[in-house]
Every structure is written in C-alpha cells, then in structure tokens.
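User: I am new to this structure and would like to understand the reasons behind the labels attached to it. Could we go through them one by one?

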Amino acid sequence: MADIAKLVEELSKLTVLEAAELATALEEEWGVSAAAAVAVAGPAAGGGEAAAEEKDEFDVVLTGDGGKKIQVIKEVRAITGLGLTEAKGLVEGAPKPIKEGVAKAEAEEIKGKIEAAGGTVELK
C-alpha cells in the first residue's frame, strides 16, 4: 500500500505534457485506451473544470496592430507563410485568427513574436 501512495505522489509531480506521454505509453504497452477506462468509471465530480484548465490546443487571434502595422504584417508573414496581400488583409481585418489548434508552447511563442512587433494577441 505504501508503494501505491509513493507512486501517486510521484505521478502528481508530472506536467500535463508528461502525463499525456505517460498515458500514451501505457496505452501502447497494455493495448487499452484511457478514454475507455474513463467511460466505464464515469466522469469525476468537477472534471469539467479540470479539463478546461488543461486545455492543450489554442487559437492565436490577432486583436490589433498597435500602430505598427508593417512590423506586425512582417511577423504574420513569417509565422503563417502567407503572401504580402493575405497577411496585410489579416492584420487590417483584426480581430482574426493567425493560427488555430496549436499547442500551448507554440501559441505562447507566436504571441511573444507578435507582441514584440507591436501587435496585440489573444489566446483562446
């Protein structure tokens, strides 16, 4: 029993990304799906709040150019690979999504780049 408590303590130190990798490794090793186990066990009380906190995909939405339209257009082009006309249209049409369904690390990186260029960004 003490071993289980120690294991739980160690697992609680994992980051969300590490926990996801662990779940994938266990699914591959044992040939089961964690989703099936949750369906059998039923949802935990307050599970919806935890799921919202552990969001792993984000939409990066440009909310403004901060008066530095040219710099923001250059950064949008570098991030998205859009042509000049398309990037200009995106910046001038803000609020518009720059990228959708990206990992948190990538979303934060994009936000940092746009803000460094003078623009404003919202993660959804």
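User: Why is Lys 99 called partly exposed?

Analyst: In this predicted model, the relative accessibility of Lys 99 is 26%. Buried means under 20% and exposed means over 50%, with partly exposed in between, so Lys 99, at 26%, counts as partly exposed.

User: What makes the contact between Lys 99 and Glu 106 a salt bridge?

Analyst: The side chains of these two residues meet with a nitrogen-to-oxygen distance of 3.2 Å, and the label asks for a Lys or Arg side-chain nitrogen within 4 Å of a carboxyl oxygen of Asp or Glu, so the pair of Lys 99 and Glu 106 qualifies. As background, side chains of opposite charge can pair when their charged atoms come close. Glu 106 has a relative accessibility of 31%, and therefore it too counts as partly exposed.

User: How many salt bridges does this rule give?

Analyst: The count comes to 6. One of them joins Glu 92 to Lys 69, with the closest N and O atoms 3.1 Å apart, and this pair links distant parts of the chain, since Glu 92 belongs to helix H6 and Lys 69 to helix H5, 23 residues apart. Another joins Lys 88 to Glu 92, where the closest N and O atoms are 3.5 Å apart; here both residues lie in helix H6, 4 residues apart, which is about one turn of the helix.

User: Which residues are linked in a network of salt bridges?

Analyst: The network links Lys 69, Lys 88 and Glu 92. Glu 92 pairs with Lys 69, and Lys 88 pairs with Glu 92.

User: Are the residues of that network buried, exposed or partly exposed, and how do you know?

Analyst: The limits are again 20% and 50%. Glu 92 has a relative accessible area of 45%, so it is partly exposed; Lys 69 is partly exposed with 33%, and Lys 88, at 39%, counts as partly exposed as well.

User: Why is helix H5 described as roughly antiparallel to helix H7?

Analyst: The axes of H5 (residues 69–80) and H7 (residues 104–117) come within 8 Å and cross at roughly 155°. Because angles over 145 degrees count as roughly antiparallel, H5 is given that description relative to H7. The crossing in which H5 passes H7 is right-handed.

User: What makes H5 oblique to helix H6?

Analyst: H5 packs against H6 (residues 84–92) at an angle of about 120°, with the axes 9 Å apart. The roughly perpendicular range runs from 65 to 115 degrees and roughly antiparallel begins over 145, so an angle of about 120° falls under neither label and H5 is oblique to H6. H5 passes H6 in a right-handed crossing.

User: How do you know that Ala 116 is exposed, and where does it lie?

Analyst: Ala 116 lies in helix H7, and its relative accessibility is 70%. Exposed means over 50%, so Ala 116 counts as exposed. The C-alpha atoms of Ala 116 and Gln 71 are separated by 9.2 Å, although these residues are 45 residues apart along the chain.

User: What makes Trp 30 exposed, and which surface feature does it help to form?

Analyst: Trp 30, whose place is in helix H2, has a relative accessible area of 60%, so it passes the 50% limit and is exposed. It forms a nonpolar patch on the surface together with Leu 7, Leu 11, Leu 14, Leu 22 and Leu 26, and the patch has about 540 Å² of accessible area together. Helix H1 (2–11) and helix H2 (16–30) are the elements that give two or more residues to the patch, and H2 gives the most, with 3 residues.

User: Which peptide bond is cis, and where is its proline?

Analyst: The bond joining Ala 94 and Pro 95 is cis, with an omega of about 5°, and Pro 95 is placed in the loop between H6 and strand E2 (96–102). By way of contrast, most peptide bonds are trans.

User: What is the overall make-up of the protein, and how much of it is buried?

Analyst: The protein has 7 helices and 3 strands, which follow the pattern α-α-α-α-β-α-α-β-α-β along the sequence. Buried residues make up 16% of its 124 residues.

Definitions and conventions: Residues numbered from 1 in each chain as written. Predicted model: local features only at pLDDT ≥ 70, side-chain atom pairs only at ≥ 80, totals over all residues. Heavy atoms only, no water. Patch = residues over 30% accessible without salt bridge, like charges linked within 9 Å, V, L, I, M, F, W, Y side chains within 5 Å. Areas by Shrake-Rupley, 256 points an atom, 1.4 Å probe, with all protein chains shown as cover. Buried < 20%, exposed > 50% of the residue type's maximum accessible area, 1.4 Å probe, protein only. Axes fitted to C-alpha atoms, helices over the stretch in contact; angles between N-to-C directions. Parallel < 35°, antiparallel > 145°, perpendicular 65-115°, else oblique. Left-handed = near helix turned anticlockwise from the far one by under 90°.
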